[in-house]
Amino acid sequence: MGQSCLRPLRLNSRPFSTASTEFSILCSQGYIKEAFNKFTFLIWNNPSHFSCLLQACIQKNTFSLTKQLHSLIITSGCIRDKFVSNHLLNAYSKLGQLDIALTLFDKLPKRNVMSFNILIGGYVQIGDLDSAYKMFDEMGERNLASWNAIITGFTQFEFNERALSLFTRMYGLGYLPDAFTLGAVLRGCAGLKDLNKGREVHGCVLKLGLDGHLVVASSLAHMYMRSGSLREGEIVIMSMPAQTVAAWNTLIAGRAQNGCFEGALELYNLMKIVGFRPDKITFVSVISSCSELATIGQGQQIHSEVVKTGAICVVAVVSSLISMYSKCGCLDEAEKIFEEREEADIVLWSAMISAYGFHGRGKNAVELFHRMEQEGLAPNHVTLLSLLYACSHSGMKDEGLEFFNLMVEKYNVEPQLVHYTCVVDLLGRAGRLQEAEDLIRSMHVKPDGVIWKTLLSACKIHKNADMARSIAEEVLRIDPQDSASYVLLANVQASAKRWKYVSEVRKSMKDRGVKKEPGISWLELKNQVHHFIMGDKSHPQSEEVDVYLKELIAELKLEGYVPDTGSVLHDMELEEQEYNLVHHSEKLAIAFALMNTPAGFPIRIMKNLRICGDCHMAVKYISKKKNREIIVRDSSRFHHFKDGCCSCGDYW
């Protein structure tokens with residue numbers, strides 16, 4: 001394409017409509033030079049055809065051809081055509097050449113609303129929302145596309161309150177939103193989890209008759225589900241005139257996000273029964289649900305479906321599989337998937353480092369991190385968080401502190417609250433409680449209940465009852481309804497035999513209406529999930545489990561097991577304390593597994609809370625006495641019990 005192309009050619013005899021169609025097809029397929037050389041007569045006859053060429057340049061991401069077309073547009077005088085000049089402006093903007101676009105904008109002989117809208121979109125594309133809003137604010141005339149561009153920009157970067165404020169202003173000025181506007185605003189409501197505002201927007205949707213629009217309906221359902229109203233979201237989806245894969249994905253993700261993991265898997269199976277084919281988004285939601293439930297059988301079935309559909313090359317899906325196998329206790333499978341990956345993506349490396357950390361394999365995590373660096377990949381805040389977590393759960397204090405100190409100076413990553421929480425855990429577990437507290441009080445971000453609770457947990461480990469009381473005050477000042485903090489504080493005081501303080505904690509809980517979260521343990525057996533809760537007799541084998549467990553504890557005592565009654569909250573009789581300890585949910589689940597699985601078969605138990613010290617000791621004895629590998633996933637990490645030892649090295 002050069003200056004020789006400027007010579008007007010003799011008009012081709014073929015019909016213009018046929019030539020125009022062929023020209024458009026060539027452009028859409030990326031044959032830019034061929035389209036130009038073959039149909040130059042069309043362009044000189046109607047300069048608007050430049051738009052097809054410029055659009056093709058955007059699709060092909062070719063800056064050089066855009067500049068050549070720019071020269072032709074200027075020399076031919078077409079720059080005075082608003083339609084052509086706006087398409088040129090759009091090409092530079094979409095190709096990330098915003099400086100050139102701004103220079104062109106300033107020199108345009110004729111500008112209109114579209115010219116401004118294009119630049120607003122360009123600023124949004126590079127994340128410069130201040131300049132985008134300034135451009136929007138300076139517009140003399142606006143249309144709906146102007147409002148859509150700026151509102152979408154703010155929701156895209158999660159400035160949701162500003163987006164909703166602009167929507168209110170727009171509506172007040174008489175602009176009627178379209179499906180594009182409403183989709184963006186509903187995403188903003190979902191981001192804020194503002195159910196009341198979302199319902200107001202829903203009223204607007206009904207008023208405009210857009211409730212049947214697929215994109216709007218999906219956005220509505222997503223808003224309700226993200227805001228905690230699963231039922232309203234499902235009603236919206238079920239009311240849609242036509243079901244789509246996207247609608248099913250919204251339903252499944254909604255259930256998963258609201259903790260209804262079994263329901264998510266049920267919908268997944270129903271989706272396939274009615275003839276819809278799962279896509280990568282579906283797989284991420286259902287694999288994540290298997291992770292939370294630790295249902296390895298269903299996870300393996302979904303894995304095989306992922307392979308059949310070709311989704312195994314999608315990074316998000318592979319990352320979910322690594323996490324699923326890890327959280328189901330199958331670290332070897334997670335390693336295998338990681339090593340067979342097709343892409344060297346930072347997400348996958350971070351997922352595998354996290355998996356090692358969750359299983360207490362800190363040295364493996366650090367080795368993998370160094371291997372990642374050798375391959376030229378720079379860590380992000382997620383990678384470093386996974387690394388710090390791995391160090392804190394493996395007693396690797398010095399390594400963890402070194403990585404934390406290098407975050408800014410070497411890796412150019414500003415520590416967030418979650419990184420500080422890991423360091424507090426490192427220091428706390430090492431007994432450096434005062435240093436951990438000083439770090440919390442000096443950090444540049446505002447502490448939350450989690451970081452204080454991490455330090456409170458360390459006070460429990462080191463039986464520092466005095467510090468526990470002051471730290472508990474910090475936690476309960478932030479969240480007075482946090483039952484775990486009361487329990488931690490009471491445990492520390494109980495360990496110190498300060499029964500008066502224990503009674504005060506229990507009275508405070510009662511006065512504030514705070515109830516202790518019950519411990520729940522579960523396991524998967526023959527594709528069925530069995531749940532166990534202390535005092536709950538609903539399981540069909542509960543009586544047999546009680547009898548077996550009583551016999552088992554008697555056997556363990558002969559081997560040297562002594563119940564740790566110091567961790568029981570109540571100042572009660574020894575016999576009652578032991579009864580409570582024996583019937584902790586993880587012991588019930590393990591007894592059930594021993595009764596219903598063949599000798600030598602590994603046992604995998606999941607628990608919603610941290611495993612207590614007594615259960616940790618008892619399971620070590622059980623693993624040796626019954627010659628079983630017992631894998632327990634609690635709320636913090638994995639414990640692999642074998643031959644009377646735990647993988648955490650009693651660093652629980």
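# Exercises: rings and cores

Arg 341 lies over the face of Phe 338, 4.1 Å from the ring centre. A charge counts as sitting over a ring if NZ of Lys or CZ of Arg is within 6 Å of the ring centre and within 35 degrees of the ring normal. The model is predicted: local features need pLDDT of at least 70, side-chain atom pairs count only at pLDDT 80 or more, and totals for chains, interfaces and linings use all residues. Residues are numbered from 1 along each chain as its sequence is written, and side-chain values use heavy atoms, with hydrogens and water left out.

**Exercise 1.** Find the ring under the charged end of Arg 162, then the cluster that holds this ring.

*Solution.*
- Step 1. The charged end of Arg 162 sits over the ring of Tyr 133, 5.1 Å from its centre.
- Step 2. Ring pairs link Tyr 133 into a cluster with Phe 136, Trp 147, Phe 154, Phe 159 and Tyr 175.
- Step 3. Recall the pairing rule: rings of Phe, Tyr and Trp (its six-membered ring) pair if their centres lie within 6.5 Å; planes under 30 degrees apart count as stacked, over 60 as edge-to-face and the rest as tilted.

**Exercise 2.** Classify the pair of Phe 358 and Phe 638, and place both rings in the chain.

*Solution.*
- Step 1. The structure holds 17 aromatic pairs.
- Step 2. In this pair the centres are 5.3 Å apart and the planes of Phe 358 and Phe 638 stand at 85°, so it is edge-to-face.
- Step 3. Phe 358 belongs to helix H22 and Phe 638 to strand S5 (residues 638-642), so the pair ties together parts 280 residues apart in sequence. Helices (H or I, at least four residues) and strands (E, at least two) are DSSP runs, numbered from the N terminus.
- Step 4. Check burial. Buried means under 20% relative accessible area, exposed over 50%, partly exposed in between (1.4 Å probe, protein chains only). Phe 358 has 14%, so it is buried. Phe 638 has 0%, so it is buried too.

**Exercise 3.** Describe the largest nonpolar core.

*Solution.*
- Step 1. A nonpolar core is a set of buried Ala, Val, Leu, Ile, Met, Phe, Trp, Tyr and Cys residues joined through side-chain atoms within 4.5 Å.
- Step 2. The largest one has 171 residues, and Leu 53 and Ile 151 have the most contacts inside it.
- Step 3. Helix H22 (residues 346-358) gives the largest share of this core, eight residues.
- Step 4. Apart from this core lies another, of 30 residues, including Tyr 561 and Phe 592.
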